[in-house]
Each structure stands twice: as C-alpha cells, then as structure tokens.
Amino acid sequence: MVHTSTVAVIGLGYIGLPTAAILASNGVKVIGVDVSDLHVDAVNRGEVPFIEPDLAIHVAGAVSQGMLSAQKNTPQASTYIVAVPTPFKDGYAADLSYIEAATDAIIPQLRGGELIILESTSPPGATEHMAKRVLDARTDLSLDGSEDRPIVHFAHCPERVLPGRVMIELVTNDRIIGGLTTAAAEQARDLYQVFCGAELHLTDATTAEMAKLTENSFRDVNIAFANELSVIADKLGIDVFELIELSNKHPRVNILQPGPGVGGHCIAVDPWFIVSAVPDEARLIRTAREVNDNKPEVVLGKVKERADRFKNPVIATLGLAFKPDIDDLRESPALMITKKLAERHPEATILAVEPNIAELPDSLASLDNVTLTDTEDAISRADIVVLLVDHKEFKNTDRALLIEKAVIDTRGVWR
Ligand code: SAJ
C-alpha cells in the first residue's frame, strides 16, 4: 500500500512547507499543520511567510487546486511527516520537545496502518524515542503486527536541502531513508518517489539520523579549517583568500571559505548532537564547533582595533543574514557581530545594511545606535566598513566608495 491518500505535514517552516507544496503539486492531498496562526493563514491564502525561490508558485498553485490546506489541529491521515525544529538545550543536548508535542498530537488520530516519518534533524535514537512514545500510549498498536495489533510504521528521512535551493534540491538530492523496520523504510520510499527524482537509499533509523549529522559536521569541520587558516594568515600578515586559492590548485585539496562564523539552524547546531551523544569520542567535531563559534569574536577584535582610533566612529556592517542572498537571520554571526558592536561601542553609530529585509529585527531595533540603511549611504557615511555577508549587492559595490575607509572584508569579496 502506498501511503499517499492523505499526508499531514506537521510544521510548515523552511522544510515542512516546501515538502508539503511539492507533494501537493504532484497530486497528493496534503494537510499542513502548524502552531502559528501566521503560517496557517498565509498558506490558506496561497502565500509563503518567508523567502524561498519558487516556493510561492508551488504553494499558490497547490492551494488554488484544493490539494494543500493548513490548520492548527492534527488531522487523521495515512502518513504523517514531522518537520518541526530541534534546537539544543543548555549543555547542547537536543531539545526533543517539539517532536514530542507533534507526536502527542498524532497519537489520538492513529487507527493502525499509518506511516510516521520524522524529517527533523535528530540525535541518534530520536526515531526510536518517538515510536516508544506512541506505542507506550497506544498498546493496541505495534511496530510489526505482533499479537494481531495493527502496525504503525516509523522512518527517519532527514531533509538535506540547501536554503535558497530547496525546491530544486528536493527533487535532485539523493535521500536517505531509515526505517525502524524494513517495511517502514519501503513505505517511506514509495512516498518520496512521488517527487524525488534522485536515488533513495534505505537503511536503519539510527544510521539515517547519524548520516544527516555527519554531513553537517563534515562541513562544519571543513569551514573551521578555513576559519583557523584565516586567523593564522592574519598573524603572518598574508591574505587567507589568496592562500586558499593557491592551495586549492592542488588536485586533491579543496578548502572551503572563511567568514565571520557559521550560522543558520543546521551546521551551527547539528554537530553538537553528536558531541552530546558521544562527548569523549567527538573531539575534532567539538573543536571545530568551538573554532567557528569563536570567529565572531575575532572579527569584533579587528573592528575594535580600528574603532579605538576614532572618538565617535561610524561603522557600516554589510549583511545581517547567515549567508548570501537570503533573508534568514537565524543563528547569524553577522547579526550577532552587529549587535555586539553596538553594545560594546555605545559611542559609535552603527549603519546596518541588509538588502533582504525591510526593517531591523527586534534585537537590533531596541538599540539606540543602530539604523538600517542602504549600501551606498552606509559606506559613504562610514569610517569603518565591515563586510559580513557576500550578498550580490555588495559584490557590485563601486570600489571608489571604499577609498580612505578602514575596510574589514570577512568574505574576501573586494579582494
Ligand atoms: N559557510 C562558510 N564558508 C563556506 C561555506 C559556508 O563560512 O565555505 C557558512 C555560511 O556563511 C553559513 C554557514 O556556513 O553561515 C552554513 O551555510 P551553508 O550554505 O554551508 O549550509 P546551510 O546551513 O544553509 O545548509 C546546510 C546544508 N548541509 C550541507 O551542505 C552538508 C544543507 O544541505 C542541509 O540540508 C542544511 O544544512 C540543513 O538543513 O541541515
């Protein structure tokens, strides 16, 4: 049986909404569930409450054809896809409370035969934890049909799409599908086949959980290498971007790019789930996190060195998002650097530039010495220009504006 008669997608955020929309665009009846009125109302109007290329057209089409709707209550469905946040708590252990709340809302709707897919990035064991929660509450159901109790299937299918390319990568990225049972993995594969044109790899749930964490830790460790090189290069008085460009001429060397730190809700978070599960063994992964988390302080130190030369410095910070050409400020080192600059330099005027947002987030709006402005205005008024995000608008900046400014280019855009 293919579990596609009605799919409920729990969590209509950066992953849940694109997944709901692509399923609905491929002829599957989808009910989206979210705790936020803003998200539910936006989706029911056929709108998207955040920026993601091509998503709006999928949502508008699916809603107008009656294939996608949104609500706050969890309905009965043949398949549930859980795509809620997994932040970390104090001590960096994963906070499973959103997964647990989603699970608790599914439990009373189960009749037997359903497939429950956990898509949220999760620490090892989370899918089993979810299944145990369901089966403890519903002793009339089972994982395998034992004692004639109807089956509920559980699988972990981590999302692996890159923000900014979600609608493309949902179709073109291979997927890892980890079932608590083989039957569960096969059921989930049948569902993803509806829209995914790439290969679907079946495994067990814990391996699937670890694969996702491993991918993001791989990237974090490699970015940490680049960030450490940038600190070393500064000390030696050489240009790190030239150093990396030249080293990458070697056929087996491919170093990533340094920056002001690592942001977003994925790479800056997921490695901690491995560290928290196996603290004594995950030494390199922990150190990489620490190197990347310390990079904003390195940038703040460089700005301070220049700012101390002025009585009332005007500092332009270019970019607030966590990476280029998006409006996502989550865990953004650029946002954090701008905020700390304003707090540590009350005598300074901070001109923040973020072409992808219309107003400052609350964390900056509450500070007296920060204003949001455009690139040209910020640079022309600034004594110190700090480039934090390689947005396309900054790449095209007229270099003549930068003459006689103290420039700190954390991304190597203006080399
Ligand atoms: N960054 C650098 N230097 C680089 C590359 C990235 O400093 O050379 C920084 C970015 O500026 C940003 C952070 O790293 O602050 C993360 O950006 P990213 O574009 O590397 O990744 P995310 O967080 O947007 O998406 C990642 C992706 N994972 C991998 O590439 C292994 C994506 O495929 C995942 O689906 C996503 O995490 C997720 O949801 O887990």
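This passage walks through the overall form of a predicted model and then some of its local features.

The protein chain contains 15 helices and 13 strands. Its radius of gyration is 23 Å, close to the 22 Å that the globule rule gives for 415 residues, so the chain is as compact as a globular protein of that length. Taken along the principal axes, the box filled by the C-alpha atoms is roughly 80 × 50 × 40 Å. Of the 415 residues, 52% count as buried. Contacts also link distant parts of the sequence: among those between residues at least 6 apart, 70% join residues at least 24 apart.

A helix pair offers a good place to look more closely. Two packed helices are described by the angle between their axes and the distance between the axes. For helix α4 (residues 97-106) and helix α5 (residues 126-137), the axes come within 10 Å and cross at roughly 35°. The crossing of α4 past α5 is right-handed. On the α4 side, the contact is made by I99, E100, T103 and D104, while α5 contributes H129, M130, R133 and V134. By residue class, this contact divides into three nonpolar, two polar and three charged residues.

Ahead of α4, the loop that runs from β4 (79-82) to this helix holds A93. With a relative accessibility of 26%, A93 counts as partly exposed, because that value falls between the 20% limit for buried and the 50% limit for exposed. Not counting residues up to four places away in sequence, A93 touches P87, F88 and S276. A93 and G66 are 27 residues apart in sequence, and their C-alpha atoms lie 40 Å apart in space.

Beyond α5, the loop between this helix and β6 (153-156) includes E147. Most residues other than glycine have a negative phi. The phi of E147, however, is positive, near 50°. E147 counts as exposed, since its relative accessibility of 69% is over 50%. Another glutamate, E331, also has a positive phi, of about 50°, although it is not a glycine. E331 is found in the loop between β9 (314-318) and α12 (333-344). Its relative accessible area of 45% makes E331 partly exposed.

How many disulfides does the structure hold? The count is zero. C196 is thus a cysteine outside any disulfide, and the nearest cysteine sulfur, that of C157, is 10 Å away. That distance can be set against the 2.5 Å within which two cysteine sulfur atoms would count as a disulfide. Is C196 buried or exposed? C196 is buried, with a relative accessible area of 6%, which is under the 20% limit. C266, at 25% relative accessibility, counts as partly exposed.

Further along the chain, helix α14 (residues 375-381) includes R381. This arginine is partly exposed, with a relative accessible area of 45%. Which residues does R381 contact, leaving aside its neighbours within four places in sequence? The partners of R381 are V314, L351 and K405. V314 belongs to the stretch 314-318 that forms β9. R381 and L401 are 20 residues apart along the chain, and a separation of 9.9 Å lies between their C-alpha atoms.

Key: Residues numbered from 1 in each chain as written. Predicted model: local features only at pLDDT ≥ 70, side-chain atom pairs only at ≥ 80, totals over all residues. Heavy atoms only, no water. Axes fitted to C-alpha atoms, helices over the stretch in contact; angles between N-to-C directions. Helix = DSSP H or I, 4+ residues; strand = E, 2+ residues; numbered from the N terminus. Left-handed = near helix turned anticlockwise from the far one by under 90°. Contact = heavy atoms within 4.5 Å. Nonpolar A, V, L, I, M, F, W, Y, C, P; charged D, E, K, R; others polar. Buried < 20%, exposed > 50% of the residue type's maximum accessible area, 1.4 Å probe, protein only. Rg over C-alpha atoms; globule rule 2.2 N^0.38 Å.
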